[in-house]
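Here are a few exercises to work through with the model open in your viewer. Try each task before you read its solution.

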Amino acid sequence: MLATTKRSIIMFLIVSYGVVGCVSSNQVRQPELEEPKIVEIVEPSINPQSLEYLYQADNLAQFTKDPQYDRAIDLYSKAIEADPKNVQAYEGRADSYESLKHYDKAIADLTQSIAVEPQNVSAYKNRASIYYYHLDEGDRAIADLTEAINLATKEKSESRKRSPNLPDYKYYFVHLLYKFRANVFLELEQFDRAIDDANQLITLRPEAVSYHFRAGIYQEAKQYENAIADENQAIAMLPNYAHAHRRRAEIYGELKQYEQAIADYDNSLAVYPEYAYAYKNRGELYQELGNTSQAKQDLAQAANLFEEQENTEEYQMVKQQLQQL
C-alpha cells in the first residue's frame with residue numbers, strides 16, 4: 001500500500017476525531033467549522049474607544065467574506081494604543097498576522113497578551129498552533145500546551161467548587177488541549193506520551209470518537225492489538241462509525257488478515273458510500289492481493305469521488321495509481 005506522510009496522518013487524526021460518526025449513507029455529521037474559543041477574557045474596565053476599535057477590526061478580519069487583514073491590523077493597533085491591556089486586541093492582531101504569514105509578529109502579540117494576562121489559556125493555545133503548524137517547533141508547542149492544560153485544569157477545578165452543576169463545555173475545552181498535545185507528541189514519535197494524553201481524553205470524554213482517536217495513535221506506534229481493541233470499543237458504542245471501520249480495516253490489512261480487512265471496508269462503505277478514502281484503501285488492498293480488476297474498479301471510484309469533492313491532490317495520486325495498473 002502507498003505510504004502516508006506523518007503530517008497527513010496527524011491531520012487525519014485531527015479531522016477524524018472531530019467527525020462524530022458518518023451514521024448513515026444519507027446523513028454524515030461533519031466537524032464544526034470553528035472550535036469555540038478556549039477562554040473568553042472580558043475586562044470590564046477596558047477603554048470604550050479601545051473596544052470600538054476592536055469590534056471594527058474583528059468585523060474586517062473575521063466576519064466578512066473577504067477579510068481585510070491589513071486594515072484590521074491598523075484598527076487592532078489603535079485598540080492597543082487606546083488600552084494596552086486589551087488582550088483580545090493582541091490576539092486579534094496575532095490572528096491577522098498569522099493569516100498574512102507574519103508569524104514572528106503573531107508570536108510577539110500572543111506573548112504580549114500572556115504578559116498582560118498570565119492565565120490566558122487561549123493565547124497559549126494559539127501560540128502553540130503557530131509553533132506547531134507554521135514554524136515546526138514541536139517542543140515549544142508542547143511547552144505552551146502544557147501550560148494551557150495546567151491553567152485550564154486549575155480553572156476547571158475551581159469552577160467545579162463554585163458551580164458543581166455547570167456543563168463540561170464551560171471548562172475551557174480541556175479535552176481539546178489534550179488532543180492537540182497528543183498530536184504533537186505523535187508527530188515527534190513520542191508515542192507513550194501521546195497515549196497518555198489520549199487516555200486523559202477518554203477520561204474526559206469516554207465517547208466513540210475518543211477511542212477512535214487513541215486507536216490511531218496505537219496504530220502509528222504499531223501496537224495493533226490495542227488499536228483494534230479501541231476500534232472495537234468505538235464500533236460497539238457507535239456501530240455505524242465509518243471511520244472506525246475503515247481504520248480497523250487498515251490495521252487488519254497491516255496484519256495480513258485480509259478477509260477481516262475487506263469486510264470492514266465493506267462495512268465502512270455501506271454506511272458512507274461517498275467515502276473516497278475507503279475505496280482508495282480497499283483498491284490498494286486488492287492490488288496487493290493481485291486482484292487487478294477489483295483494484296481498478298475501487299480506485300476509479302475513489303478518483304471520481306475525490307474529483308467531485310475537489311480533493312485535487314488525492315485525485316492526482318489515485319490517477320497515477322490507475323495508470324500503473
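**Exercise 1.** Leaving aside its neighbours within four places in sequence, which residues is I46 in contact with?

*Solution.* First, the ground rules. This is a predicted model, so local features need pLDDT of at least 70 and side-chain atom pairs count only at pLDDT 80 or more, while totals for chains, interfaces and linings use all residues. Residues are numbered from 1 along each chain as its sequence is written, and side-chain values use heavy atoms, with hydrogens and water left out.

Step 1: find I46 in the loop between helix 1 (6–18) and helix 2 (48–62). Helices here are DSSP runs of H or I with at least four residues, strands are E runs of at least two, and both are numbered from the N terminus.
Step 2: list the contacts (heavy atoms within 4.5 Å). Outside that sequence window, I46 touches L51, D83 and N86.
Step 3: check the C-alpha distance to K85, which is 7.6 Å across a gap of 39 residues in sequence.

**Exercise 2.** Is R181 buried or exposed?

*Solution.* Step 1: locate R181 in helix 8.
Step 2: apply the cut-offs: buried is under 20% relative accessible area, exposed is over 50%, and partly exposed is in between (1.4 Å probe, protein chains only).
Step 3: R181 has 13% relative accessibility, so it counts as buried.
Step 4: look at what R181 contacts beyond four places in sequence: I142, L145, T146, I149 and D197.

**Exercise 3.** Which residues have the most contacts inside the largest nonpolar core?

*Solution.* Step 1: a nonpolar core is a set of buried Ala, Val, Leu, Ile, Met, Phe, Trp, Tyr and Cys residues joined through side-chain atoms within 4.5 Å.
Step 2: the largest one holds 64 residues, and L177 and I217 have the most contacts inside it. Helix 8 (residues 174–187) gives the largest share, eight residues.
Step 3: a separate core has eleven residues, including L75, Y76, A79 and Y90.

**Exercise 4.** At roughly what angle do the axes of helix 10 and helix 12 cross?

*Solution.* Step 1: fit lines to the C-alpha atoms over the stretch in contact, and take the angle between N-to-C directions, from 0 to 180 degrees.
Step 2: for helix 10 (residues 208–220) and helix 12 (residues 242–254), the axes come within 11 Å and cross at roughly 20°. That makes the two helices roughly parallel, a label for angles under 35 degrees.
Step 3: name the contact residues, among them F213 and G216 of helix 10 and A244 and I251 of helix 12.

Definitions and conventions. Angles under 35 degrees count as roughly parallel, over 145 as roughly antiparallel, 65 to 115 as roughly perpendicular and the rest as oblique.
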